[in-house]
Amino acid sequence: MRSSLPEMVLIFRGTHQVMSAEKHLKKGRVAMRLIPVPRRLTSDCGLAIRISSDLRARAREVLSAANLLPRSAHRLLDHGEYETVPF
C-alpha cells in the first residue's frame, strides 16, 4: 500500500554511509528503498535512500541513534521537482 504523503530522498556523504544507513533503517523496520541519486540532485555518492514522508520521524530516530544523519533531505513534489527540507 502506498502512502498519500510525498516521498523523500535522503542524500548521504558517500557510499559507505548510505549502505550503513540502509542497514540501520532495515534493522529498525523503516520501509525504504535504495535508489540512484536523481539527476536533479547532486551527490558525491551515486546512491540515495527513498522513504515515505510519514516515516520521516522514525527514520530520523534510527539514523540519529546510529550517528548517520543524511547530508540533505528532499521532498518529491507533484510536478517532478524536489524541494530541500529539514530532516
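In the predicted model, F12 occupies the loop that runs between strand β1 (7-11) and helix α1 (15-27). Although it is a loop residue, F12 has a relative accessible area of 0% and is therefore classed as buried, the limit for that class being under 20%. The C-alpha atom of F12 is separated by 7.1 Å from that of C45, a residue 33 positions away along the chain.

The loop that holds F12 belongs to a chain with two helices and five strands, and these elements follow one another along the sequence in the pattern β-α-β-β-α-β-β. For 87 residues, a compact globule would be expected to have a radius of gyration near 12 Å, and the value of 12 Å computed for the chain therefore agrees with that expectation. Along its principal axes, the C-alpha trace extends over about 35 × 30 × 20 Å. When contacts between residues at least 6 apart in sequence are considered, 68% of them link residues that are at least 24 apart.

Of the 87 residues in the chain, 41% are buried. The accessible surface amounts to about 5,600 Å², and carbon and sulfur atoms account for 48% of that area. With regard to charge, the chain carries 15 positive and 8 negative side chains, the centres of these two sets lying 6 Å apart.

A second buried position is provided by H74, which has a relative accessibility of 8% and therefore falls under the 20% limit. H74 is part of strand β4, which comprises residues 72-76, and the side chain of H74 takes part in polar contacts with two other side chains, namely that of S72 at 2.8 Å and that of T84 at 3.1 Å. When neighbours within four places in sequence are set aside, the residues in contact with H74 are E7, M8, V9, I11, L41, Y82, E83, T84 and V85; T84 thus appears in this list and also as a polar partner of the H74 side chain. Among the other residues in contact with H74 are E7 and I11, which mark the two ends of strand β1 (7-11), the strand that precedes the loop of F12.

A contrasting environment is found at A57, a residue of helix α2 (residues 56-65). A57 has a relative accessibility of 61% and therefore counts as exposed, the threshold for that class being over 50%. The C-alpha atom of A57 is separated by 16 Å from that of I11, and these two residues are 46 residues apart along the chain.

How values were computed
Residues are numbered from 1 along each chain as its sequence is written. This is a predicted model: local features need pLDDT of at least 70, side-chain atom pairs count only at pLDDT 80 or more; totals for chains, interfaces and linings use all residues. Side-chain values use heavy atoms; hydrogens and water are left out. Helices (H or I, at least four residues) and strands (E, at least two) are DSSP runs, numbered from the N terminus. Buried means under 20% relative accessible area, exposed over 50%, partly exposed in between (1.4 Å probe, protein chains only). A polar contact is a pair of N or O atoms within 3.5 Å; within protein, one must be able to donate a hydrogen and the other to accept it, and residues adjacent in sequence count only if both atoms are side-chain atoms. Contact means heavy atoms within 4.5 Å. The radius of gyration is taken over C-alpha atoms; the globule rule is 2.2 Å times the number of residues to the power 0.38. Accessible areas come from the Shrake-Rupley method with a 1.4 Å probe; for residues, only the protein chains shown count as cover. Lys and Arg count as positive and Asp and Glu as negative; His and the chain ends are not counted. The place of a charge is taken as NZ of Lys, CZ of Arg, CG of Asp or CD of Glu.
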